[in-house]
Amino acid sequence: MHSHSTTMATSNTPFLLLLAIAIFLSIPHLSHSEPQLTLDYYKTTCPDFARIVTATVTTKQIATPTTAAATLRVFFHDCMVDGCDASVLIAPNSFHKEERDNELNHALPGDGFDIVTRTKTALELACPRTVSCADILAQVVRDLVVMVGGPNYPVLLGRKDSLVSRLSDVEPNLPQPNMTMDVIINLFESKGITVHEMVALVGAHTLGFAHCSEFADRIYHYEKNVPTDPDMNPTYAEALKKFCSNYTKDPTMSAFLDLYTPGKFDNMYYRNLLKGLGLLATDQLMAEDPRTKPFVERYAANQTAFFEDFAEGMQKLGMVDVKTGDEGNVRDRCDVFNTFRT
Ligand code: HEM
Ligand SMILES: *[C@@H]1O[C@H](CO)[C@@H](O)[C@H](O)[C@H]1NC(C)=O
Ligand SMILES: *[C@@H]1O[C@H](CO)[C@@H](O)[C@H](O)[C@H]1NC(C)=O
Ligand SMILES: *[C@@H]1O[C@H](CO)[C@@H](O)[C@H](O)[C@H]1NC(C)=O
């Protein structure tokens, strides 16, 4: 375990240097309203930040291999709804409806929250009231992506945690599998994420699973006289029909989003799409729509290209509507707002 974290830290160094130079060179071009995050935000206030995160993540991911997919999805849902500000982490309570009260967030997996709690606990011991939950989530996700075989990329730091979490903000900001590609492209573009970055980011579906209810329409009642989506590979469709037959009685039934290598971060997801083996309607749609198809083909043919664009997309996603200065605070606990301080 020790050798793993050492390797990760060492291989980070060239990235960090390159990025530091890139940021330095681009400073004159940044507008003043753009939030100023930095790579070394915790250098003096919490020098062991990166090491503590990596150690906690490594232990958790080895014990519970579904953690990587779980946390990546939590991060996506946080950043899309009012920005990367840990607003999704606020636990439901009896006083107020939070983002987690929305149905779209009910299925968010517990391990994605647990890893943040564990990391926050470790960091509070080393440097109390210093590291934001939003930064923890961003750094944890990067370490998890690396652990399951995905690309490394630098994480800018200095996000503050939100002071609000609103149920009503969730629905308009999250993509759903029954949406058209127009709607989905607009949604991502409204966050500053381009089509090629979006196609690369949805490659996160190389990990994890979806509940049968999320794709039941595609296999049981696609259209009035056409039960099964013709874009789906027929053998795959038959297997899913059998597998999900009991899903209304047992709503926990779930299938892998990447049929062949669901625990490994690779480009198999795109290769599946080209064979009609996409699970969600929107996954398959990306391989059909002329705006997204070229990128699906590119990533299916070239894993390096996928990794580069995914890394770029994650950095973009991690900057969506971040809060700095007085726009937020550092929570004492990630799942509740601070009561006595701001
Ligand atoms: C077109 C856009 C997207 C749609 C419609 C979509 C929808 C979904 C749905 C319906 C599930 C299954 C949830 C369940 O049944 O519990 C899922 C799982 C997942 N999504 Fe997405 N998603 C999209 C983009 C993304 C992006 C951009 C990321 C991350 C960068 C992401 C990460 C994940 C992960 C990792 C899982 C698996 C979670 C697990 O196994 O615990 N998704 N997504
Ligand atoms: C998509 O599905 C959701 C929930 O499953 C539903 O509320 C919504 O109306 C559907 N949207 C479209 C465009 O069919
Ligand atoms: C279907 O789900 C119910 C509820 O979980 C369970 O009791 C039953 O054994 C399941 N049937 C099959 C065939 O899996
Ligand atoms: C794969 O993509 C990378 C990065 O864009 C590029 O440098 C490389 O030449 C590509 N490889 C092939 C075989 O096209």
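These legends accompany close-up views of a predicted model.

**View 1. The whole protein chain, as predicted.**
The model is a prediction. The protein chain has 342 residues, and 49% of them count as buried. Its secondary structure comes to 14 helices and two strands. The accessible surface is about 16500 Å². Carbon and sulfur atoms account for 59% of that surface. Take the contacts between residues at least 6 apart in sequence: 74% of them join residues at least 24 apart.

**View 2. Confidence along the protein chain.**
The average pLDDT is 91, and 89% of the residues score at least 70. Residues 1–17 have a pLDDT below 50. Beyond near neighbours in sequence, that stretch makes 15 contacts in the model. Residues 23–32 also fall below 50. Here the model shows three contacts beyond near neighbours in sequence.

**View 3. The iron atom of ligand 1 and H205.**
H205 is the only protein donor of the iron atom of ligand 1. The donor atom is NE2, at 2.1 Å from the iron. H205 sits in a loop. That loop runs between helix α8 (195–202) and strand β1 (209–211).

**View 4. Helix α8 and its packing partners.**
Helix α8 is mostly covered, with seven of its eight residues buried. The buried residues are V195, E197, M198, V199, A200, L201 and V202. They pack against several other helices. These are α7, α11 (268–273), α12 (281–286), α13 (293–301) and α14 (303–317).

**View 5. Surroundings of ligand 3.**
Three residues lie around ligand 3: N246, K249 and D250. The protein buries 28% of the 360 Å² that ligand 3 exposes when taken alone. The side chain of N246 makes a polar approach to ligand 3. An N or O atom of that side chain is 2.4 Å from an oxygen atom of the ligand.

**View 6. Surroundings of ligand 4.**
R298, N302, A305 and E308 surround ligand 4. On its own, ligand 4 has 360 Å² of accessible area, and the protein covers 36% of it. Two side chains bring polar atoms to ligand oxygen atoms. For N302, the distance from a polar side-chain atom to an oxygen atom of ligand 4 is 2.3 Å. For E308, the corresponding distance is 3.4 Å.

**View 7. M80 in helix α3.**
M80 belongs to helix α3, which spans residues 67–80. The relative accessible area of M80 is 0%, so M80 is buried. Leaving out residues up to four places away in sequence, M80 touches N173, L174, P175, L187, F188, K191 and L317. D321 is 241 residues from M80 along the sequence. In space, the C-alpha atoms of M80 and D321 are 8.8 Å apart.

**View 8. Q61 in helix α2.**
Q61 lies in helix α2, residues 49–63. With 8% relative accessibility, Q61 counts as buried. Its side chain reaches the backbone nitrogen of A68 at 3.0 Å. A68 is also among the residues that Q61 touches beyond four places in sequence. The others are T67, L144, M147 and V148.

**View 9. T119 in helix α5.**
T119 is found in helix α5, residues 110–126. Its relative accessibility is 0%, so T119 counts as buried. The T119 side chain reaches the backbone oxygen of I115 at 2.7 Å. Setting aside neighbours within four places in sequence, T119 is in contact with V53, T56, I136 and V140.

**View 10. N152 in the loop between α6 and α7.**
N152 occupies the loop between helix α6 (133–147) and helix α7 (181–189). N152 is buried, because its relative accessible area of 13% is under the 20% cut-off. F307 is 155 residues away from N152 along the chain. Their C-alpha atoms are separated by 8.7 Å.

Key. Residues numbered from 1 in each chain as written. Chains lettered and ligands numbered in written order. Predicted model: local features only at pLDDT ≥ 70, side-chain atom pairs only at ≥ 80, totals over all residues. Heavy atoms only, no water. Donors = N, O, S within 2.8 Å, 3.2 Å for Na, K, Ca; no water. Helix = DSSP H or I, 4+ residues; strand = E, 2+ residues; numbered from the N terminus. Near = heavy atom within 4 Å. Polar contact = N/O pair within 3.5 Å; in protein donor to acceptor, adjacent residues only side chain to side chain. Areas by Shrake-Rupley, 256 points an atom, 1.4 Å probe, with all protein chains shown as cover. Buried < 20%, exposed > 50% of the residue type's maximum accessible area, 1.4 Å probe, protein only. pLDDT = per-residue confidence, 0-100. Contact = heavy atoms within 4.5 Å.
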